[in-house]
Each structure stands twice: as structure tokens, then as C-alpha cells.
Amino acid sequence: MNNSYFIRTFGCQMNDHDSETMAGLLENMGYCEADKPEGADVIIINTCSVRENAHNSFFGVLGQYKKLKEKNKALVIGVAGCMMQQDILVKQVKTKYPFVDFIFGTYNIHELPDLVQESKLLKKTNVRVLPERESIQEGLPVKRKYPFRALVDITYGCNNFCSYCIVPYTRGREVSRGPEDILSEVRNAVKSGTKEVMLLGQNVNSYEYGFSKLLGNLSQVEGLKRIRFMTSHPKDMTEDLIKAFSKYHNLSKHLHLPLQSGSDNVLSRMNRGYTKGKYLQLIKDIRREVPDIGIRTDIITGFPGESEEDFQETLNFVEEVQFDSAFTFIYSKREGTPAAACEDQVEESVKHERFQRLVKVVNESALSKNLSYIGKVEEVIIEGVSRKSNEYLEGRTDSFKLVNFKGPMEALGETVLVKITEANTFSLKGTLDL
Ligand code: 5AD
Ligand code: SF4
């Protein structure tokens, strides 16, 4: 049997995609994917530093893998990702977890094959962490997790420095991939079965060569059914982009537009670069142009100095906008960011209590949005067997709603019409409309 690898990924879709590249590199070396860490020959942990819970889970997982290494001395363990861009954490892993064979940063992914080879010869933890990106590595192999959905990077890094966020420090300054490189990756993916691309960047709207133009070029790729993108920054949304939704037939009617807070005072201290008035105007403009668009957001509760009044403003704003869904987060102090140094940190219990109240309001609007789908016939791309029940398939509407329905198992990646019959907070249910 071939040697096998297992990759444990924390964090966002950028990390998911980096893991797909790591998988591609390992497969090129002759490794095949294991479905669990036990018994694998190489284990990579791709870390995330955006909030403390991912940080803590990483150390928990590392403890588990230590036991595997004790049983199997030949096991190779590597640690990658955003946490490893922080010197203090590299030191911590080296000293407290010396069984780790190698550490590599977010700009060193292409070096994975060398690191695996060298681990067989070296006795101590091998560290390859560049402090900043030297160049964009094109042409690396990718093993896609979902053959019908390709994650495609368009920018790397972030220049926005929101005051709570660690990303600009772990992913560096923003750089854009050339449009030709993106187009050829997408064309190749479509040739091998991709129906949908998800364009990735911390702020896709600031894509150097023109984001709307890129969408226009991608929309012409034959066989490409859907184009999605994330994340958009409200301060950089252009009219061009709003118009693009009705202009390009295969641009999905779905937008991820992080709000973060509904209080101008908090938004300003977060360094977000917009007011709630500007955000609301954007939502109105977008819905006027594309009435059935699905809008998703991110919101943080308990940012330093957030008062009960500030939080109330967020609640009222969320009720007013009626998002289709929202990722809600409890503010997490990230050392090295300006907000971590603020003296007016909100008490844990208050942050949690606000979080619960926010989730309730968010869920109410998600349910009411979903209920409005009942009776509609939606185009759904089949993604697989439902995670909840193997009697059902699951897929997504163009507006990114999860739909469960009964249908033929062999049709993965295909587009079908589904009549929506039931709605819950997080998903829809329907029947094939034949
Ligand atoms: N604490 C809580 N949430 C955070 N996010 C980023 N940094 C933090 C933090 N320190 C959230 C933001 C962002 C999403 C990806 O993660 O809402 O949009
Ligand atoms: Fe972080 Fe703000 Fe950049 Fe998003 S835009 S990655 S929240 S700094």
C-alpha cells in the first residue's frame, strides 16, 4: 500500500484551499489520502489564528497526535498555517512539542515536499517560515476536496488592518494574482468537472486588475455554471459590482458582506471605513438591482468599549436589514492587534450574553427569509448525500441556501430543479421538480 497522509485544517476557506494545495503536493510525491489520523504516515495541521478557540483546539489536537507519534516513531508531523507566522508560537511548538518534525508558514507551502524528505534525516524541528511573501507560486498541484467546486485564490493578504484582526499580520500585504493565471486555473478546473468556482480573497473588491472585469471574463468560461466570491468589503463595493449580478448569467445571487457592528462608534474604532448608513444604502442598492439575492454577514459581539447601547444598535440594525444568514462571533483578543491593547475590554459574561441575544435575532430573520422560498422552484447543484440523513441528498440554490431532497445518488455535481416544500432556520427541504 502507498504511504498515506492526513491533513487537519482549521479556519477559513483560504486555509481549506491551502490544504488542497498541500494535498496536491503530497499526492505528487506518491502519498494517498487517509480518512483519519490514526495509521497515516504524514500528518499536517493547518492552523488558524483568527480567534482563540481555533488556537486552543490546535494545542488539543497536537496533544492527541503526540500519542500517535509515541506509538509510531516513523510518523511525520508538520504544522502549517497562520499561527506559525507568529514567532512566539513557533518557539512554543519547538520547545513544548519537540516531536513536531517541521513547521512551515503561509508563504512556504511549496516547500512541503522538501520538508517531508528532510524530516527523515533531521533530528530537530525544521522551521521554514518566511516573514513576508516573496512571490506568488503559480502552478502548484491541487487536490480539490469537492470536484464540482473549485476554490480559487485571487488575492492573498490584507491591507485593511481592522483593529481586531490578526490576518494582516499572518497573511501579509495584499497581492493579486494575474487574471490570466486565474482564468487558466478556472478553465482547467471546468475541464475536469468543476461546475462552480469560489473566488477567494480577504477583500476581493480590491483585486488589483479590476474585480468586475475579472468576473466578466470568468463568466464567459464555457461550462461554468456558477461563480461565487468572498469576502467583499463594504467600503470597497462598487456600482460596477452591483450591476455585475444582473449582467453575468452565471454570477450567483449571493453576497457575503461583513457588517461586524451596527454602531457607528464601534465601526469607527474597528477601523472599518464605513458607517451603518453607508452599509444600509449598499444593501438597498443591491436589493433594488437583484431583489432575490441572498445576503450573508459576519458580526462580532463584545468588541472593546461596546456599550449596551452600541449593541442595541446592532440588534436593531440586524432586524432592519434581515440577513439571509450571519456568522456571529464573540470578540477574541488577538495579541499584537490594536484592539487587544484597549483597556475597555468587555467582560466575558457580557460578550456571551450579547452573543446569545444576537443569534436569536439573526435566526429569526434567517427563518423568515427561508420561509419565503416555500413553493418556489430552485436550481440546485447536488453536493452529496445529506450530512443529516443518508435518505436525502443536499445541494445549494443559486443564493447559497442548503436544500435537502430525495434524488439519484449518481447525480453529484449536476444541476436539478427542486420545488421547496419546507423551511428551517439553516436549510430548506424540497422535492425534485421533474
Ligand atoms: N474576534 C472575533 N471575531 C473576529 N473576526 C476576525 N477577527 C476576530 C476577532 N479577533 C471575524 C470577523 C471576520 C471573520 C472572518 O472573523 O467577523 O469577518
Ligand atoms: Fe481582517 Fe479586516 Fe482584513 Fe477582513 S478586511 S481580513 S477583518 S483586517
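Which residues touch the most other members of the largest nonpolar core?

**View 1. The largest nonpolar core of this predicted model.** Let's start inside the protein. This core holds 51 residues, and those touching the most other members are Val186, Leu199, Phe211, Leu215 and Phe229. At least three of the core's residues come from domain 2 (144-252), and at least three come from domain 3 (285-369).

**View 2. A closer look at leucine 199 and its contacts.** Leaving aside residues up to four places away in sequence, leucine 199 touches Val152, Ile154, Val204, Phe211, Leu215, Leu218, Ile227, Arg228, Phe229 and Met230. You may recognise Phe211, Leu215 and Phe229 from the first view, where they are named with Leu199 among the residues touching the most other core members.

**View 3. Another core, lying apart from the largest one.** This one has 26 residues, including Ile45, Val61, Val79 and Met84.

**View 4. The shell around ligand 2.** Look here for Cys158, Cys162 and Cys165, together with Asn160, Phe161, Tyr164, Val167, Pro168, Gln202, His233 and Arg272. Sorted by character, the shell has seven nonpolar residues, three polar ones and one charged one.

**View 5. Two cysteines without a disulfide partner.** How many disulfides are there in the model? The count is zero. For cysteine 48, the nearest cysteine sulfur belongs to cysteine 82 and is 6.3 Å away; a disulfide needs the two sulfur atoms within 2.5 Å, so cysteine 48 is in none. Cysteine 48 is buried, with a relative accessible area of 8%. Cysteine 342 is in no disulfide either, as its nearest cysteine sulfur, on cysteine 162, is 14 Å away. Cysteine 342 is partly exposed, at a relative accessible area of 25%.

Technical notes:
Residues are numbered from 1 along each chain as its sequence is written. Chains are lettered from A and ligands numbered from 1 in the order in which they are written. This is a predicted model: local features need pLDDT of at least 70, side-chain atom pairs count only at pLDDT 80 or more; totals for chains, interfaces and linings use all residues. Side-chain values use heavy atoms; hydrogens and water are left out. A nonpolar core is a set of buried Ala, Val, Leu, Ile, Met, Phe, Trp, Tyr and Cys residues joined through side-chain atoms within 4.5 Å. Buried means under 20% relative accessible area, exposed over 50%, partly exposed in between (1.4 Å probe, protein chains only). Domain bounds come from an automatic or database domain assignment. Contact means heavy atoms within 4.5 Å. A residue is near a molecule or strand if one of its heavy atoms lies within 4 Å of it. Ala, Val, Leu, Ile, Met, Phe, Trp, Tyr, Cys and Pro count as nonpolar, Asp, Glu, Lys and Arg as charged, and the others, Gly among them, as polar.
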